Amino acid sequence: MSSQKKSAQEFKPRNICIMYRPQTPLAIEKARELSTWLLDQKFKVFASPKQTLVKRCQRVSATNLNSIDWVIALGGDGTYLSAVKMLKGHDTPILGVNMGSLGFLTSVKAEDMYKAVQLTLQNKTEFRPRAQLHITIRRNGKVREEMIALNDAVIERGSSAHLINIAVYSEKHLVSEYKADALIIATPTGSTAYNLAAGGPILHPDVKAIVLTPVCPHALTSRPLIFPDDQQLSFRLLSKAKKATLVVDGTNCGELTINDEVCIMRHDVNHFIIRNPGHNYFSLLREKLKFGERS
């Protein structure tokens, strides 16, 4: 399992991808401005799939994805997660520039964008590893789809008015049967997202764990659970008459039936998030989430 830190001293990018939030004009403007600046610095600049920057910029595709050394995401946390999805499990580092509201993953302020880019190019930033989830859907025993999540996977009732009934296993041992609106399976990074809103615990990014949090469970004894991240968790619906929906990092991945088994474990490749050396996780909690403040 890859858990080591990526050394900034080894970081000499040549091919840089810029992704922006398409609904934000300022993000588009800054992305094109930054791409021109990087091109003038003799870097090769790529736009993300289905996006456009300036002339001389290619788009990222299946044939050139392996050559991308660095991604700069301009937007909110949703844009950052889209960049993670685009990388398809590669450990290419991402610098997040906040053009949204919360910006927990995109911690660089828009006005500090060039400073952050230059510090990274000068090997004056840190590449901090973050665990990812490897999600496999098996239907009747055969692999149907595989996905990667930085934040979370959610099994929810979707548009159905009925609660879903799910059996949860850890290494083939039955943990419990949950009747709830949804189950959230989150990484430490994702613990401050939907998991936190549903009453789950905050996990420090360095904790080697996966948290399982039920949403509006039918039983008062159904509480969040924390598992070691070297265990495989699996999930099965218990009712033929009811279906569920799988959502991975905010993307709807389709329906689940009683014939499906969802297996989730820590991915063997870490994601790397770029931070200033002085970055402090608890300061981020206080700044972004008002952690510890009295109402």
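## A six-stranded sheet and one cavity

In this predicted model, six strands form an open sheet in the order β15-β14-β13-β10-β17-β18, and their pairing is antiparallel. The edges of the sheet are formed by β15, which covers residues 225–228, and by β18, which covers residues 251–256, each of these strands pairing on one side only. Neighbouring strands of the sheet are turned against each other by 20° on average, with direction ignored.

At the β15 edge, the partner strand is β14, made up of residues 209–215, and four bridges join the two strands, which run antiparallel. Within this pair, Ile210 of the chain stands opposite Phe227 in β15.

The interior can be described through its enclosed space: the structure holds one cavity of 30 Å³ or more, and the largest cavity contains about 40 Å³ of space. Its lining is made up of Ile155, Ile166, Phe235, Arg236, Leu237, Leu256, Thr257, Asp260 and Val262. Two strands, β16 (233–237) and β19 (260–266), each supply at least two residues of this lining, and the largest share, three residues, comes from β16.

The table divides the lining residues of the largest cavity by character.

| Class of lining residue | Number of residues |
|---|---|
| Nonpolar | six residues |
| Polar | one residue |
| Charged | two residues |

Taken together, the lining of the largest cavity joins six nonpolar residues with one polar and two charged ones, and Arg236 and Asp260 are among the residues that line this space.

Terms used. Residues are numbered from 1 along each chain as its sequence is written. This is a predicted model: local features need pLDDT of at least 70, side-chain atom pairs count only at pLDDT 80 or more; totals for chains, interfaces and linings use all residues. Side-chain values use heavy atoms; hydrogens and water are left out. Two strands pair if DSSP finds at least two bridges between them. Axes are lines fitted to C-alpha atoms, for helices over the stretch in contact, and angles run from 0 to 180 degrees between N-to-C directions. On a 1 Å grid over the protein atoms alone, a cavity is a set of points where a 1.4 Å probe fits but cannot get out, and a pocket is an open set with protein on both sides within 12 Å along at least five of seven lines; lining residues have an atom within 4 Å of a point. Grid points are joined across faces, edges and corners, and a volume is the space filled by probe spheres set on the points. Ala, Val, Leu, Ile, Met, Phe, Trp, Tyr, Cys and Pro count as nonpolar, Asp, Glu, Lys and Arg as charged, and the others, Gly among them, as polar.
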